[in-house]
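Open the model in your viewer and keep the selection panel at hand. Each stop below says what to pick and what is there.

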Protein chains: 2
Amino acid sequence: MPGKERTDAGGTLDGATEERILHAARTVFVRRGTSGARMQEIAAEAGVNQALLHYYFRTKDGLAQAVFREVAGRLAPAIARLLGSDAPLEDKVERFVHLYIDTVRQHPYIPAYILAELHHHPERLRALQDAAGVQPARAVGAIVERLRAQLEERAAAGTMRPIAPEQFLVNVLGLVVFPFAARPALVIALEMDDEAFGRFLDARRAELPRFILDALRP
Amino acid sequence: MPGKERTDAGGTLDGATEERILHAARTVFVRRGTSGARMQEIAAEAGVNQALLHYYFRTKDGLAQAVFREVAGRLAPAIARLLGSDAPLEDKVERFVHLYIDTVRQHPYIPAYILAELHHHPERLRALQDAAGVQPARAVGAIVERLRAQLEERAAAGTMRPIAPEQFLVNVLGLVVFPFAARPALVIALEMDDEAFGRFLDARRAELPRFILDALRP
DNA sequence: GTCTATATTGTGATAGAC
DNA sequence: GTCTATCACAATATAGAC
(Lines give C-alpha, C1' and ligand atoms only; values in the text may rest on other atoms or scores of the structure.)
Protein backbone atom coordinates (compact mmCIF):
# COMPACT_ATOMS: atom_id res chain seq x y z
CA MET A 1 0.00 0.00 0.00
CA PRO A 2 1.74 3.15 -1.17
CA GLY A 3 0.89 6.64 -0.10
CA LYS A 4 1.27 6.01 3.60
CA GLU A 5 3.99 8.58 4.13
CA ARG A 6 3.12 12.12 3.22
CA THR A 7 5.72 14.87 3.34
CA ASP A 8 3.40 17.24 1.54
CA ALA A 9 6.33 18.56 -0.46
CA GLY A 10 4.95 19.86 -3.70
CA GLY A 11 1.39 19.20 -2.68
CA THR A 12 -0.91 21.25 -4.84
CA LEU A 13 -3.75 22.10 -2.50
CA ASP A 14 -4.91 19.66 0.14
CA GLY A 15 -2.88 16.74 1.40
CA ALA A 16 -4.07 13.32 0.52
CA THR A 17 -3.82 12.59 -3.18
CA GLU A 18 -4.90 9.01 -2.79
CA GLU A 19 -7.98 10.28 -1.01
CA ARG A 20 -8.75 12.75 -3.77
CA ILE A 21 -8.50 10.01 -6.38
CA LEU A 22 -10.74 7.69 -4.43
CA HIS A 23 -13.30 10.43 -4.03
CA ALA A 24 -13.19 11.36 -7.70
CA ALA A 25 -13.47 7.71 -8.65
CA ARG A 26 -16.55 7.34 -6.49
CA THR A 27 -18.16 10.29 -8.20
CA VAL A 28 -17.46 9.00 -11.68
CA PHE A 29 -18.25 5.35 -11.00
CA VAL A 30 -21.58 6.33 -9.49
CA ARG A 31 -22.32 8.69 -12.37
CA ARG A 32 -21.40 6.38 -15.26
CA GLY A 33 -21.47 2.92 -13.77
CA THR A 34 -18.32 0.90 -13.33
CA SER A 35 -17.88 -0.16 -16.94
CA GLY A 36 -19.06 3.17 -18.30
CA ALA A 37 -16.50 5.08 -16.24
CA ARG A 38 -13.25 6.18 -17.89
CA MET A 39 -9.93 6.44 -16.12
CA GLN A 40 -9.37 9.74 -17.88
CA GLU A 41 -12.55 11.24 -16.48
CA ILE A 42 -11.61 10.13 -13.00
CA ALA A 43 -8.17 11.67 -13.36
CA ALA A 44 -9.64 14.95 -14.53
CA GLU A 45 -12.18 14.93 -11.69
CA ALA A 46 -9.33 14.42 -9.22
CA GLY A 47 -7.16 17.07 -10.87
CA VAL A 48 -4.31 14.66 -11.54
CA ASN A 49 -3.16 12.65 -14.53
CA GLN A 50 -4.11 9.18 -15.46
CA ALA A 51 -0.82 7.54 -14.59
CA LEU A 52 -1.29 8.44 -10.98
CA LEU A 53 -4.42 6.37 -10.72
CA HIS A 54 -2.40 3.32 -11.68
CA TYR A 55 0.35 4.28 -9.28
CA TYR A 56 -2.08 4.13 -6.36
CA PHE A 57 -4.54 1.46 -7.44
CA ARG A 58 -2.70 -0.43 -10.20
CA THR A 59 -5.74 -1.30 -12.30
CA LYS A 60 -9.21 0.02 -12.98
CA ASP A 61 -10.70 -2.98 -11.27
CA GLY A 62 -8.52 -2.33 -8.23
CA LEU A 63 -9.89 1.17 -8.08
CA ALA A 64 -13.42 -0.12 -8.55
CA GLN A 65 -13.01 -2.51 -5.64
CA ALA A 66 -11.61 0.21 -3.42
CA VAL A 67 -14.54 2.48 -4.24
CA PHE A 68 -17.07 -0.25 -3.57
CA ARG A 69 -15.48 -1.05 -0.22
CA GLU A 70 -15.44 2.61 0.72
CA VAL A 71 -19.06 3.19 -0.26
CA ALA A 72 -20.32 0.01 1.34
CA GLY A 73 -18.37 0.74 4.48
CA ARG A 74 -20.34 3.93 5.12
CA LEU A 75 -23.68 2.38 5.95
CA ALA A 76 -23.33 -1.38 6.18
CA PRO A 77 -21.76 -1.53 9.66
CA ALA A 78 -24.32 0.81 11.20
CA ILE A 79 -27.20 -1.05 9.60
CA ALA A 80 -25.88 -4.44 10.65
CA ARG A 81 -25.40 -3.24 14.20
CA LEU A 82 -28.88 -1.76 14.35
CA LEU A 83 -30.79 -4.65 12.81
CA GLY A 84 -28.87 -7.25 14.77
CA SER A 85 -29.29 -5.44 18.09
CA ASP A 86 -31.67 -6.27 20.92
CA ALA A 87 -33.69 -3.10 20.54
CA PRO A 88 -37.45 -3.65 20.31
CA LEU A 89 -38.76 -4.25 16.82
CA GLU A 90 -40.65 -0.97 16.69
CA ASP A 91 -37.51 0.96 17.52
CA LYS A 92 -35.48 -0.95 15.00
CA VAL A 93 -37.89 -0.16 12.22
CA GLU A 94 -38.12 3.51 13.01
CA ARG A 95 -34.40 3.96 13.58
CA PHE A 96 -33.57 2.08 10.42
CA VAL A 97 -35.90 4.17 8.30
CA HIS A 98 -34.46 7.36 9.74
CA LEU A 99 -30.83 6.23 9.59
CA TYR A 100 -31.07 5.09 6.00
CA ILE A 101 -32.98 8.03 4.61
CA ASP A 102 -30.93 10.62 6.50
CA THR A 103 -27.65 9.12 5.39
CA VAL A 104 -28.41 8.23 1.80
CA ARG A 105 -30.26 11.42 1.04
CA GLN A 106 -26.91 13.18 0.90
CA HIS A 107 -25.73 10.79 -1.80
CA PRO A 108 -28.94 9.71 -3.45
CA TYR A 109 -27.38 7.77 -6.31
CA ILE A 110 -25.41 5.41 -4.10
CA PRO A 111 -28.10 2.73 -3.80
CA ALA A 112 -28.46 2.41 -7.56
CA TYR A 113 -24.70 2.11 -7.83
CA ILE A 114 -24.57 -0.60 -5.15
CA LEU A 115 -27.36 -2.60 -6.73
CA ALA A 116 -25.81 -2.36 -10.19
CA GLU A 117 -22.40 -3.31 -8.86
CA LEU A 118 -23.77 -6.32 -7.02
CA HIS A 119 -25.67 -7.29 -10.15
CA HIS A 120 -22.51 -7.49 -12.23
CA HIS A 121 -20.10 -8.50 -9.45
CA PRO A 122 -22.03 -10.53 -6.88
CA GLU A 123 -18.75 -11.67 -5.40
CA ARG A 124 -18.25 -8.18 -4.03
CA LEU A 125 -20.99 -8.84 -1.53
CA ARG A 126 -18.24 -10.30 0.58
CA ALA A 127 -16.69 -6.85 0.84
CA LEU A 128 -20.01 -5.52 2.04
CA GLN A 129 -20.32 -8.25 4.61
CA ASP A 130 -16.78 -7.70 5.77
CA ALA A 131 -17.58 -4.04 6.18
CA ALA A 132 -20.60 -5.00 8.25
CA GLY A 133 -18.24 -6.24 10.91
CA VAL A 134 -19.52 -9.66 11.88
CA GLN A 135 -18.11 -12.94 10.60
CA PRO A 136 -17.97 -12.33 6.86
CA ALA A 137 -19.99 -15.32 5.71
CA ARG A 138 -22.82 -15.08 8.21
CA ALA A 139 -23.32 -11.37 8.81
CA VAL A 140 -26.81 -11.36 7.33
CA GLY A 141 -27.61 -14.77 8.77
CA ALA A 142 -27.15 -13.43 12.28
CA ILE A 143 -29.47 -10.51 11.62
CA VAL A 144 -32.13 -12.79 10.20
CA GLU A 145 -31.99 -15.06 13.23
CA ARG A 146 -32.29 -12.14 15.59
CA LEU A 147 -35.30 -10.86 13.66
CA ARG A 148 -36.83 -14.31 13.60
CA ALA A 149 -36.69 -14.53 17.37
CA GLN A 150 -38.25 -11.12 17.79
CA LEU A 151 -40.98 -11.73 15.24
CA GLU A 152 -41.87 -15.11 16.72
CA GLU A 153 -42.02 -13.61 20.17
CA ARG A 154 -44.49 -10.99 18.94
CA ALA A 155 -46.54 -13.57 17.13
CA ALA A 156 -46.71 -15.76 20.23
CA ALA A 157 -47.83 -12.77 22.31
CA GLY A 158 -50.49 -12.07 19.72
CA THR A 159 -49.32 -8.48 19.19
CA MET A 160 -48.24 -9.11 15.60
CA ARG A 161 -49.21 -11.58 12.98
CA PRO A 162 -46.53 -14.03 11.90
CA ILE A 163 -44.13 -13.26 9.07
CA ALA A 164 -40.90 -14.86 7.94
CA PRO A 165 -37.89 -12.72 8.86
CA GLU A 166 -36.61 -12.81 5.29
CA GLN A 167 -39.89 -11.38 4.04
CA PHE A 168 -39.89 -8.78 6.77
CA LEU A 169 -36.35 -7.73 5.95
CA VAL A 170 -37.02 -7.48 2.23
CA ASN A 171 -40.21 -5.51 2.87
CA VAL A 172 -38.38 -2.96 4.98
CA LEU A 173 -35.46 -2.73 2.57
CA GLY A 174 -37.69 -2.45 -0.45
CA LEU A 175 -39.77 0.33 1.01
CA VAL A 176 -36.73 2.33 2.04
CA VAL A 177 -34.25 1.62 -0.76
CA PHE A 178 -36.50 1.55 -3.81
CA PRO A 179 -37.24 5.28 -4.00
CA PHE A 180 -33.52 5.95 -4.25
CA ALA A 181 -32.81 3.13 -6.66
CA ALA A 182 -35.60 4.33 -8.94
CA ARG A 183 -35.06 8.02 -8.33
CA PRO A 184 -34.32 9.10 -11.90
CA ALA A 185 -37.48 7.45 -13.15
CA LEU A 186 -39.61 8.68 -10.25
CA VAL A 187 -38.45 12.25 -10.52
CA ILE A 188 -39.48 12.38 -14.17
CA ALA A 189 -42.60 10.25 -13.97
CA LEU A 190 -43.97 12.05 -10.93
CA GLU A 191 -42.79 15.39 -12.25
CA MET A 192 -40.71 16.26 -9.20
CA ASP A 193 -37.74 18.56 -8.92
CA ASP A 194 -35.05 18.06 -6.29
CA GLU A 195 -37.01 19.99 -3.73
CA ALA A 196 -40.17 18.00 -4.30
CA PHE A 197 -38.19 14.80 -4.03
CA GLY A 198 -36.85 16.05 -0.71
CA ARG A 199 -40.37 16.62 0.57
CA PHE A 200 -41.33 13.22 -0.72
CA LEU A 201 -38.54 11.71 1.36
CA ASP A 202 -39.56 13.72 4.42
CA ALA A 203 -43.03 12.27 4.20
CA ARG A 204 -41.71 8.74 3.80
CA ARG A 205 -39.38 9.17 6.74
CA ALA A 206 -42.35 10.08 8.90
CA GLU A 207 -44.93 7.63 7.55
CA LEU A 208 -42.98 4.49 6.72
CA PRO A 209 -42.43 3.16 10.25
CA ARG A 210 -46.14 3.17 10.98
CA PHE A 211 -46.92 1.74 7.55
CA ILE A 212 -44.60 -1.19 8.17
CA LEU A 213 -45.83 -1.91 11.67
CA ASP A 214 -49.51 -1.48 10.87
CA ALA A 215 -49.18 -3.98 8.08
CA LEU A 216 -48.41 -6.63 10.68
CA ARG A 217 -51.13 -5.85 13.19
CA PRO A 218 -52.94 -9.07 14.05
CA MET B 1 -36.18 0.06 -41.28
CA PRO B 2 -34.51 -2.80 -43.11
CA GLY B 3 -35.35 -6.46 -42.69
CA LYS B 4 -39.02 -6.06 -43.52
CA GLU B 5 -38.93 -8.43 -46.47
CA ARG B 6 -37.82 -11.98 -45.81
CA THR B 7 -37.26 -14.43 -48.64
CA ASP B 8 -35.63 -16.87 -46.28
CA ALA B 9 -33.16 -17.79 -48.98
CA GLY B 10 -30.01 -18.93 -47.24
CA GLY B 11 -31.59 -18.74 -43.80
CA THR B 12 -29.55 -20.81 -41.39
CA LEU B 13 -32.16 -22.11 -39.00
CA ASP B 14 -35.13 -19.97 -38.07
CA GLY B 15 -36.39 -17.04 -40.07
CA ALA B 16 -36.00 -13.69 -38.47
CA THR B 17 -32.38 -12.66 -38.16
CA GLU B 18 -33.27 -9.24 -36.86
CA GLU B 19 -35.30 -10.95 -34.15
CA ARG B 20 -32.40 -13.20 -33.21
CA ILE B 21 -30.08 -10.25 -32.91
CA LEU B 22 -32.51 -8.33 -30.77
CA HIS B 23 -32.96 -11.32 -28.53
CA ALA B 24 -29.23 -11.87 -28.20
CA ALA B 25 -28.70 -8.20 -27.49
CA ARG B 26 -31.26 -8.29 -24.73
CA THR B 27 -29.46 -11.22 -23.15
CA VAL B 28 -26.07 -9.56 -23.27
CA PHE B 29 -27.23 -6.07 -22.29
CA VAL B 30 -29.03 -7.48 -19.29
CA ARG B 31 -26.03 -9.63 -18.35
CA ARG B 32 -23.30 -6.99 -18.70
CA GLY B 33 -25.11 -3.72 -18.57
CA THR B 34 -25.36 -1.46 -21.58
CA SER B 35 -21.84 -0.06 -21.46
CA GLY B 36 -20.32 -3.34 -20.36
CA ALA B 37 -21.84 -5.17 -23.31
CA ARG B 38 -19.70 -5.82 -26.37
CA MET B 39 -21.02 -5.94 -29.91
CA GLN B 40 -18.86 -8.99 -30.51
CA GLU B 41 -20.48 -10.89 -27.66
CA ILE B 42 -23.92 -10.04 -28.96
CA ALA B 43 -22.98 -11.22 -32.43
CA ALA B 44 -21.69 -14.51 -31.07
CA GLU B 45 -24.80 -14.97 -28.95
CA ALA B 46 -26.94 -14.43 -32.04
CA GLY B 47 -24.78 -16.70 -34.16
CA VAL B 48 -24.00 -14.00 -36.69
CA ASN B 49 -21.11 -11.65 -37.28
CA GLN B 50 -20.62 -8.20 -35.94
CA ALA B 51 -21.24 -6.35 -39.18
CA LEU B 52 -24.78 -7.62 -39.29
CA LEU B 53 -25.66 -5.87 -36.07
CA HIS B 54 -24.75 -2.58 -37.72
CA TYR B 55 -26.68 -3.50 -40.80
CA TYR B 56 -29.89 -3.84 -38.80
CA PHE B 57 -29.40 -1.33 -36.01
CA ARG B 58 -26.66 0.97 -37.31
CA THR B 59 -25.05 1.78 -33.96
CA LYS B 60 -24.66 0.21 -30.56
CA ASP B 61 -26.87 2.90 -29.09
CA GLY B 62 -29.50 2.17 -31.69
CA LEU B 63 -29.48 -1.44 -30.62
CA ALA B 64 -29.60 -0.42 -26.98
CA GLN B 65 -32.66 1.72 -27.58
CA ALA B 66 -34.39 -1.05 -29.49
CA VAL B 67 -33.73 -3.49 -26.66
CA PHE B 68 -34.98 -1.07 -24.04
CA ARG B 69 -38.15 -0.44 -25.98
CA GLU B 70 -38.71 -4.12 -26.45
CA VAL B 71 -38.17 -4.96 -22.79
CA ALA B 72 -40.21 -2.03 -21.50
CA GLY B 73 -42.99 -2.84 -23.92
CA ARG B 74 -43.58 -6.23 -22.33
CA LEU B 75 -44.96 -5.05 -19.02
CA ALA B 76 -45.49 -1.30 -19.09
CA PRO B 77 -48.74 -1.29 -21.08
CA ALA B 78 -50.36 -3.99 -18.95
CA ILE B 79 -49.31 -2.27 -15.73
CA ALA B 80 -50.50 1.12 -16.90
CA ARG B 81 -53.84 -0.30 -17.95
CA LEU B 82 -54.29 -2.11 -14.66
CA LEU B 83 -53.28 0.71 -12.34
CA GLY B 84 -55.22 3.30 -14.28
CA SER B 85 -58.38 1.21 -14.44
CA ASP B 86 -61.55 1.58 -12.43
CA ALA B 87 -61.14 -1.72 -10.63
CA PRO B 88 -61.45 -1.50 -6.83
CA LEU B 89 -58.21 -0.75 -5.02
CA GLU B 90 -58.02 -4.17 -3.41
CA ASP B 91 -58.27 -5.86 -6.78
CA LYS B 92 -55.69 -3.55 -8.30
CA VAL B 93 -53.18 -4.35 -5.61
CA GLU B 94 -53.64 -8.07 -5.79
CA ARG B 95 -53.70 -8.20 -9.56
CA PHE B 96 -50.65 -6.01 -9.83
CA VAL B 97 -48.65 -8.14 -7.41
CA HIS B 98 -49.60 -11.28 -9.28
CA LEU B 99 -49.10 -9.84 -12.74
CA TYR B 100 -45.69 -8.43 -11.95
CA ILE B 101 -44.29 -11.42 -10.11
CA ASP B 102 -45.66 -13.94 -12.58
CA THR B 103 -44.29 -12.06 -15.56
CA VAL B 104 -40.92 -10.96 -14.26
CA ARG B 105 -40.10 -14.23 -12.57
CA GLN B 106 -39.36 -15.65 -16.01
CA HIS B 107 -36.75 -12.95 -16.62
CA PRO B 108 -35.64 -12.03 -13.13
CA TYR B 109 -32.80 -9.74 -14.14
CA ILE B 110 -34.94 -7.40 -16.19
CA PRO B 111 -35.84 -5.00 -13.35
CA ALA B 112 -32.21 -4.41 -12.46
CA TYR B 113 -31.49 -3.74 -16.12
CA ILE B 114 -34.38 -1.27 -16.40
CA LEU B 115 -33.35 0.61 -13.27
CA ALA B 116 -29.73 0.80 -14.35
CA GLU B 117 -30.71 1.92 -17.82
CA LEU B 118 -32.97 4.65 -16.47
CA HIS B 119 -30.21 5.70 -14.10
CA HIS B 120 -27.77 6.38 -16.91
CA HIS B 121 -30.30 7.36 -19.60
CA PRO B 122 -33.28 8.97 -17.87
CA GLU B 123 -34.43 10.30 -21.23
CA ARG B 124 -35.39 6.74 -22.18
CA LEU B 125 -38.29 6.95 -19.76
CA ARG B 126 -40.16 8.46 -22.64
CA ALA B 127 -39.87 5.16 -24.48
CA LEU B 128 -41.35 3.45 -21.47
CA GLN B 129 -44.20 5.92 -21.27
CA ASP B 130 -44.83 5.59 -24.97
CA ALA B 131 -44.99 1.85 -24.53
CA ALA B 132 -47.53 2.37 -21.75
CA GLY B 133 -49.95 3.62 -24.34
CA VAL B 134 -51.38 6.81 -22.95
CA GLN B 135 -50.28 10.30 -23.90
CA PRO B 136 -46.49 10.04 -23.56
CA ALA B 137 -45.93 12.89 -21.18
CA ARG B 138 -48.74 12.17 -18.71
CA ALA B 139 -49.00 8.38 -18.63
CA VAL B 140 -47.99 8.18 -14.99
CA GLY B 141 -49.82 11.37 -14.11
CA ALA B 142 -53.12 9.81 -15.15
CA ILE B 143 -52.47 6.74 -13.00
CA VAL B 144 -51.62 8.89 -10.01
CA GLU B 145 -54.81 10.91 -10.36
CA ARG B 146 -56.92 7.77 -10.63
CA LEU B 147 -55.26 6.39 -7.50
CA ARG B 148 -55.72 9.69 -5.71
CA ALA B 149 -59.46 9.61 -6.33
CA GLN B 150 -59.76 6.04 -5.11
CA LEU B 151 -57.64 6.62 -2.02
CA GLU B 152 -59.53 9.75 -1.06
CA GLU B 153 -62.81 7.98 -1.51
CA ARG B 154 -61.68 5.28 0.88
CA ALA B 155 -60.38 7.79 3.36
CA ALA B 156 -63.66 9.70 3.28
CA ALA B 157 -65.56 6.48 3.88
CA GLY B 158 -63.28 5.74 6.80
CA THR B 159 -62.29 2.34 5.43
CA MET B 160 -58.69 3.33 4.88
CA ARG B 161 -56.43 5.89 6.39
CA PRO B 162 -55.25 8.66 4.08
CA ILE B 163 -52.08 8.34 2.05
CA ALA B 164 -50.69 10.33 -0.86
CA PRO B 165 -51.02 8.40 -4.13
CA GLU B 166 -47.35 8.92 -4.91
CA GLN B 167 -46.38 7.28 -1.63
CA PHE B 168 -48.84 4.48 -2.22
CA LEU B 169 -47.50 3.83 -5.68
CA VAL B 170 -43.88 3.81 -4.54
CA ASN B 171 -44.73 1.52 -1.64
CA VAL B 172 -46.35 -1.01 -3.93
CA LEU B 173 -43.59 -0.79 -6.50
CA GLY B 174 -40.85 -1.02 -3.92
CA LEU B 175 -42.31 -4.09 -2.29
CA VAL B 176 -42.77 -5.87 -5.59
CA VAL B 177 -39.75 -4.72 -7.60
CA PHE B 178 -37.02 -4.61 -4.98
CA PRO B 179 -36.59 -8.37 -4.52
CA PHE B 180 -35.81 -8.66 -8.22
CA ALA B 181 -33.58 -5.61 -8.35
CA ALA B 182 -31.57 -6.87 -5.40
CA ARG B 183 -31.78 -10.51 -6.31
CA PRO B 184 -28.06 -11.26 -6.66
CA ALA B 185 -27.37 -9.81 -3.23
CA LEU B 186 -30.39 -11.44 -1.62
CA VAL B 187 -29.64 -14.85 -3.01
CA ILE B 188 -26.16 -14.80 -1.52
CA ALA B 189 -26.94 -12.98 1.71
CA LEU B 190 -29.96 -15.13 2.52
CA GLU B 191 -28.19 -18.25 1.24
CA MET B 192 -30.86 -19.16 -1.29
CA ASP B 193 -30.55 -21.20 -4.44
CA ASP B 194 -32.85 -20.67 -7.42
CA GLU B 195 -35.45 -22.98 -5.98
CA ALA B 196 -35.47 -21.23 -2.61
CA PHE B 197 -35.79 -17.89 -4.35
CA GLY B 198 -38.77 -19.30 -6.22
CA ARG B 199 -40.45 -20.30 -2.97
CA PHE B 200 -39.60 -16.89 -1.55
CA LEU B 201 -41.45 -15.30 -4.48
CA ASP B 202 -44.42 -17.64 -4.05
CA ALA B 203 -44.77 -16.50 -0.46
CA ARG B 204 -44.54 -12.84 -1.43
CA ARG B 205 -47.09 -13.30 -4.15
CA ALA B 206 -49.51 -14.64 -1.59
CA GLU B 207 -48.75 -12.32 1.34
CA LEU B 208 -47.97 -8.99 -0.22
CA PRO B 209 -51.51 -7.88 -1.13
CA ARG B 210 -52.68 -8.32 2.44
CA PHE B 211 -49.54 -6.68 3.77
CA ILE B 212 -50.13 -3.61 1.64
CA LEU B 213 -53.82 -3.29 2.44
CA ASP B 214 -53.44 -3.99 6.15
CA ALA B 215 -50.89 -1.24 6.41
CA LEU B 216 -53.61 1.23 5.51
CA ARG B 217 -56.37 0.02 7.78
CA PRO B 218 -57.73 2.99 9.72
C1' DG C 1 5.08 11.15 -6.10
C1' DT C 2 3.92 13.20 -10.20
C1' DC C 3 4.41 14.05 -14.77
C1' DT C 4 4.75 13.29 -20.23
C1' DA C 5 4.98 10.17 -23.57
C1' DT C 6 3.98 5.71 -25.57
C1' DA C 7 2.94 0.82 -25.95
C1' DT C 8 -0.81 -2.29 -26.67
C1' DT C 9 -4.95 -3.96 -26.92
C1' DG C 10 -9.99 -3.41 -27.28
C1' DT C 11 -14.00 -1.85 -29.72
C1' DG C 12 -17.43 0.43 -32.61
C1' DA C 13 -18.01 1.09 -37.15
C1' DT C 14 -17.35 0.81 -42.37
C1' DA C 15 -15.91 -1.06 -47.16
C1' DG C 16 -16.62 -4.13 -50.35
C1' DA C 17 -16.87 -9.10 -52.09
C1' DC C 18 -20.26 -12.61 -52.57
C1' DG D 1 -28.51 -10.19 -46.41
C1' DT D 2 -24.42 -11.95 -44.87
C1' DC D 3 -19.78 -12.39 -44.75
C1' DT D 4 -14.36 -11.16 -44.17
C1' DA D 5 -11.14 -7.73 -43.66
C1' DT D 6 -9.86 -3.59 -41.92
C1' DC D 7 -9.94 1.21 -40.33
C1' DA D 8 -9.80 4.64 -36.78
C1' DC D 9 -9.80 5.76 -32.45
C1' DA D 10 -10.73 4.96 -27.49
C1' DA D 11 -9.00 3.18 -23.28
C1' DT D 12 -6.12 0.64 -20.03
C1' DA D 13 -1.75 0.25 -18.71
C1' DT D 14 3.41 0.92 -18.55
C1' DA D 15 8.20 3.27 -19.13
C1' DG D 16 10.96 6.46 -17.77
C1' DA D 17 12.22 11.52 -16.95
C1' DC D 18 11.97 14.82 -13.27
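Select B:Phe200. B:Phe200 sits in helix 11 of chain B, residues 194-214. Helices here are DSSP runs of H or I with at least four residues, strands are runs of E with at least two, and both are numbered from the N terminus. This is a predicted model, in which local features need pLDDT of at least 70 and side-chain atom pairs count only at pLDDT 80 or more, while totals for chains, interfaces and linings use all residues. Residues are numbered from 1 along each chain as its sequence is written, chains are lettered from A and ligands numbered from 1 in the order in which they are written, and side-chain values use heavy atoms, with hydrogens and water left out.

Is B:Phe200 buried or exposed? B:Phe200 is buried, at 7% relative accessible area. Buried means under 20%, exposed over 50% and partly exposed in between, with a 1.4 Å probe and protein chains only.

Now show the contacts of B:Phe200 (heavy atoms within 4.5 Å). Skipping neighbours within four places in sequence, B:Phe200 is in contact with B:Pro179 and B:Met192, and with A:Glu166, A:Gln167 and A:Val170 from chain A. Draw a distance to B:Pro179: the C-alpha atoms are 9.5 Å apart, across 21 residues of sequence.

Next, select B:Phe168. Which residues does B:Phe168 touch, beyond four places in sequence? They are B:Leu89, B:Val93, B:Leu147, B:Leu151, B:Ile163, B:Ile212 and B:Leu216. Add A:Phe168, A:Leu63 and B:Leu63: with B:Phe168, they touch the most other members of the largest nonpolar core, which has 161 residues. Such a core is a set of buried Ala, Val, Leu, Ile, Met, Phe, Trp, Tyr and Cys residues joined through side-chain atoms within 4.5 Å.

Superpose chain A on chain B. A 180° rotation with 0.0 Å of shift along its axis does this, at RMSD 0.0 Å; the fit is by least squares on C-alpha atoms of residues with pLDDT of at least 70 in both copies. The two copies are thus related as by a two-fold rotation axis. Select A:Ala215: of the residues of chain A, its C-alpha comes closest to that axis, at 1.8 Å. The copies meet through the same surface, because 100% of the interface residues of chain A are also interface residues in chain B.

Finally, show chain A alone. Chain A has eleven helices and zero strands. Its C-alpha atoms fill a box of roughly 65 × 45 × 30 Å along the principal axes. Of its 218 residues, 50% are buried.
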